[in-house]
Amino acid sequence: MINKGDKIPEVNLVKATEAGPEQVSASEYFAGKKVALFSVPGAYTPTCSAKHLPGYVEKAAELKAKGVDEIACTAVNDAFVLGAWNKDSGSEDVTMLADGNGDFAKAVGLEMDGSGFGLGTRGQRFSMIINDGVVEELNVEAPGDFKVSAADYMLDQL
């Protein structure tokens, strides 16, 4: 599993944009800025839609006031689903980074088996503060929990 002080691995993600999906290199994407990244098991899932994404939308200005340049969400979903979820429940303050094949989740060692719920392999619920491509803070939730990956918790770390 990735740790504080580690560089973000060289894998591709797909950024959901108004013009459509845009492939981005994770190492290049996170370079030169401070990013509050949070990962959800899936768009439109209960905790993710009711608490996780709304918390980052609500706290976006506070996060940015504490030095965050960008807020990003990743999930093992395609860019079309993440783009639609952001339109329905998110905001322009949150960038959606699709990890459709789970390559990023695997590369950081934070994948989970959601097959018991018909989800297949997904990313765990976690958050990171990434500064110029290096993990400064890593918050991984225990299965079924929603505490340490929340926007409020991250605000206390900044």
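How much accessible surface does the protein chain have, and what percentage of that surface belongs to carbon and sulfur atoms? In this predicted model, the accessible surface of the protein chain comes to about 7400 Å², and carbon and sulfur atoms account for 47% of that area.

The overall dimensions give a helpful starting point. Taken along the principal axes, a box of roughly 40 × 35 × 30 Å is filled by the C-alpha atoms of the protein chain. The radius of gyration is 14 Å, which agrees with the value near 15 Å that a compact globule of 158 residues would have. Of these 158 residues, 49% are buried. The protein chain holds 6 helices and 9 strands. Among contacts with a separation of 6 or more, 62% join residues that stand 24 or more positions apart. As for charge, the protein chain carries 14 positive and 24 negative side chains, and the centres of the two sets are 3 Å apart.

Readers planning bench work may wonder about the cysteines. How many disulfides does the structure hold? The count is 0. A disulfide is a covalent bond between the sulfur atoms of two cysteines. For C48, the closest cysteine sulfur is that of C73, and the separation of 7.8 Å is too far for a bond; the cut-off for a disulfide is 2.5 Å. Seen from the other side, C73 is likewise in no disulfide, with the sulfur of C48 as its nearest cysteine sulfur. C48 is buried, because its relative accessible area is 0%. C73 also counts as buried, with a relative accessibility of 0%.

Strand 4 spans residues 70-75, and two of its residues can be followed in some detail. E70 has its place in this strand. Is E70 buried or exposed? With a relative accessible area of 15%, E70 is buried, since the term covers residues under 20%. Leaving out residues up to four places away in sequence, E70 touches Y29, K33, K34, V35, A36 and T95. E70 also stands 33 residues from L37 along the chain, while the C-alpha atoms of the two are separated by 8.4 Å.

T74 lies in strand 4 as well. Its relative accessibility is 2%, so T74 counts as buried. Which residues does T74 touch beyond those up to four places away in sequence? The list consists of L13, L37, F38, S39, V40, L97, D99 and F104. Three of these names, L37, F38 and S39, fall within the residue range of strand 3, 34-39, and L97 falls within that of strand 5, 94-98.

A98 belongs to strand 5, which covers residues 94-98. A relative accessible area of 3% makes A98 buried. Apart from residues up to four places away in sequence, A98 touches L13, V14, A75, N77, D78, A79 and L82. L13 is thus in contact with A98 and also with T74. A98 and F80 are 18 residues apart along the chain, with 8.6 Å between their C-alpha atoms.

A60 offers a view from a helix. The residue lies in helix 3, made up of residues 60-65, and counts as buried at 2% relative accessibility. What does A60 contact once its neighbours within four places in sequence are left aside? The contacts are I71 and D93. A60 and A36 are 24 residues apart in sequence, and their C-alpha atoms are 9.7 Å apart in space. A36 is, in turn, one of the residues that E70 touches.

Finally, two loop residues deserve a look at their backbone angles. Y44 has a phi near 65°, a positive value in a residue other than glycine. Where is Y44 found? Y44 sits in the loop between strand 3 (34-39) and helix 2 (46-58), and its relative accessibility of 42% places it among partly exposed residues. D132 is not a glycine either, yet its phi is positive, at about 50°. The loop that holds D132 runs between strand 8 (126-131) and strand 9 (134-140). At 43% relative accessibility, D132 counts as partly exposed.

Key
Residues are numbered from 1 along each chain as its sequence is written. This is a predicted model: local features need pLDDT of at least 70, side-chain atom pairs count only at pLDDT 80 or more; totals for chains, interfaces and linings use all residues. Side-chain values use heavy atoms; hydrogens and water are left out. Buried means under 20% relative accessible area, exposed over 50%, partly exposed in between (1.4 Å probe, protein chains only). Helices (H or I, at least four residues) and strands (E, at least two) are DSSP runs, numbered from the N terminus. The radius of gyration is taken over C-alpha atoms; the globule rule is 2.2 Å times the number of residues to the power 0.38. Contact means heavy atoms within 4.5 Å. Accessible areas come from the Shrake-Rupley method with a 1.4 Å probe; for residues, only the protein chains shown count as cover. Lys and Arg count as positive and Asp and Glu as negative; His and the chain ends are not counted. The place of a charge is taken as NZ of Lys, CZ of Arg, CG of Asp or CD of Glu.
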